[in-house]
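Work through the following exercises with the sequence and the structure open beside you. Each task is followed by a solution that goes step by step.

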Amino acid sequence: MYHILAMEREFATGGNEIGRRISKELGIPLYDRNILIEAAKHLDLQPKNVEDLEETAPGSIIFNLSQKIGGNLNSSSKSPLSASNLPLSVKLFMEEKRIIESKVAEGDCVIIGRCASDIFRERDDCLKVFIYANNDFRMKRTIETEKVPKEDAGARIKKMDKKRRDFFHTHTNKDWSDPKNYDICLDSGVLGIDKCVEILISLMKG
């Protein structure tokens, strides 16, 4: 039986809706962008500015620093890479990681994005999921659900996918859409949102 559902998703594939419905059906918390907002508050940052901050340092730098400090942001640490010496973008992600781990310690949950699938990659009770879909399906959802003008929909999809891909690679040094990073990859354009929800709930219940 799985206790954590960690989901990455292409833009406009219905991943957020799938996550919300699973959370409601199973009666467990959903964590998504609220993790970023909480991390920003803990670091006395304005939430509206932190998304840009996440992309301010090269991926190799953040990844290597994160590995060296092993998630320890305690300023009293004897490590030379103490909190006061770290780039703010590294502090932000490590604070997100700390919050995610604390939420999981409280009980079962659904986590969307934030590299949770990699954070809990070695946990057998974490179902790691990637949601994707064909371009026609995504264009339609971008226009109808995201309320983006038709002429801007294609550019919005590319921009958001790049942002998510870069964020994942920056903090994991892995390819966001590589199936080997996940337990299951679902095509919501072919299966439909309802079927994706049904499949994942069935897997979560074991």
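**Exercise 1. Determine how many residues of β4 are buried, and which strands pair with β4.**

Solution. In this predicted model, begin with the covering of the strand: β4 is mostly covered, since six of its seven residues are buried. Next, take the partners one at a time. β1 and β4 run parallel and are joined by six bridges, and within this part of the sheet Ala6 stands opposite Lys128 in β4. Strand β5, which spans residues 184-187, is also parallel to β4, and four bridges join these two strands. Two of the residue pairs can be located directly: Val129 has Ile184 as its bridge partner in β5, while the partner of Phe130 in β5 is Cys185.

**Exercise 2. Give the order of the strands in the sheet, and identify its edge strands.**

Solution. The sheet is open and has five strands, which follow the order β2-β3-β1-β4-β5 with parallel pairing. The ends of this order are the edge strands, β2 (30-31) and β5, each of which pairs on one side only. A helix can then be added to the picture: α5 packs on the sheet, where it touches β1, β2 and β3, and its direction makes about 160° with that of β3. For the chain as a whole, the count is 10 helices and five strands.

**Exercise 3. Describe the largest nonpolar core and name the residues that touch the most other members.**

Solution. The largest nonpolar core has 29 residues, and Ile4, Ile111 and Phe120 are the ones that touch the most other members. To see where the core comes from, look for the elements that each supply at least two of its residues: these are β1 (4-9), α2, α5 (88-106), β3 (109-112), α6 (116-119), β4 (126-132) and α8 (150-172). The largest share, seven residues, comes from α5. Now follow Phe120: leaving aside residues up to four places away in sequence, Phe120 touches Ile4, Ile100, Glu101, Val104, Ile111, Cys126 and Lys128. Apart from the largest core lies another core, of 19 residues, including Met7, Ile18, Ile131 and Ile184.

**Exercise 4. Decide whether Asp125 is buried or exposed, and list what surrounds it.**

Solution. First find the residue, which is in the loop between α6 and β4. Its relative accessible area is 16%, and because the cut-off for a buried residue is under 20%, Asp125 counts as buried. Then turn to its surroundings: the side chains of Asp125 and Arg123 are joined by a polar contact of 2.7 Å. Not counting residues up to four places away in sequence, Asp125 also touches Met1, Tyr2, His3 and Ile4.

**Exercise 5. Explain why the buried residues of α2 line one face of the helix.**

Solution. Start by listing the residues concerned: in helix α2, which covers residues 33-42, Ile35, Leu36, Ala39 and Ala40 are buried. Then look down the axis of α2, where the buried residues fall within an arc of 135°, and therefore they line one face of the helix. Continue past the end of the helix to Asp44, which follows α2 and has a positive phi, near 60°.

**Exercise 6. State what share of the chain is buried, and what share of its contacts joins residues 24 or more positions apart.**

Solution. Of the 206 residues in the chain, 47% are buried. Among the contacts in the chain with a separation of 6 or more, 71% are between residues 24 or more positions apart.

Note on methods. Residues numbered from 1 in each chain as written. Predicted model: local features only at pLDDT ≥ 70, side-chain atom pairs only at ≥ 80, totals over all residues. Heavy atoms only, no water. Buried < 20%, exposed > 50% of the residue type's maximum accessible area, 1.4 Å probe, protein only. Arc of directions from axis to C-beta. Core = buried A, V, L, I, M, F, W, Y, C linked by side-chain atoms within 4.5 Å. Contact = heavy atoms within 4.5 Å. Polar contact = N/O pair within 3.5 Å; in protein donor to acceptor, adjacent residues only side chain to side chain. Pairing = 2+ DSSP bridges. Axes fitted to C-alpha atoms, helices over the stretch in contact; angles between N-to-C directions.
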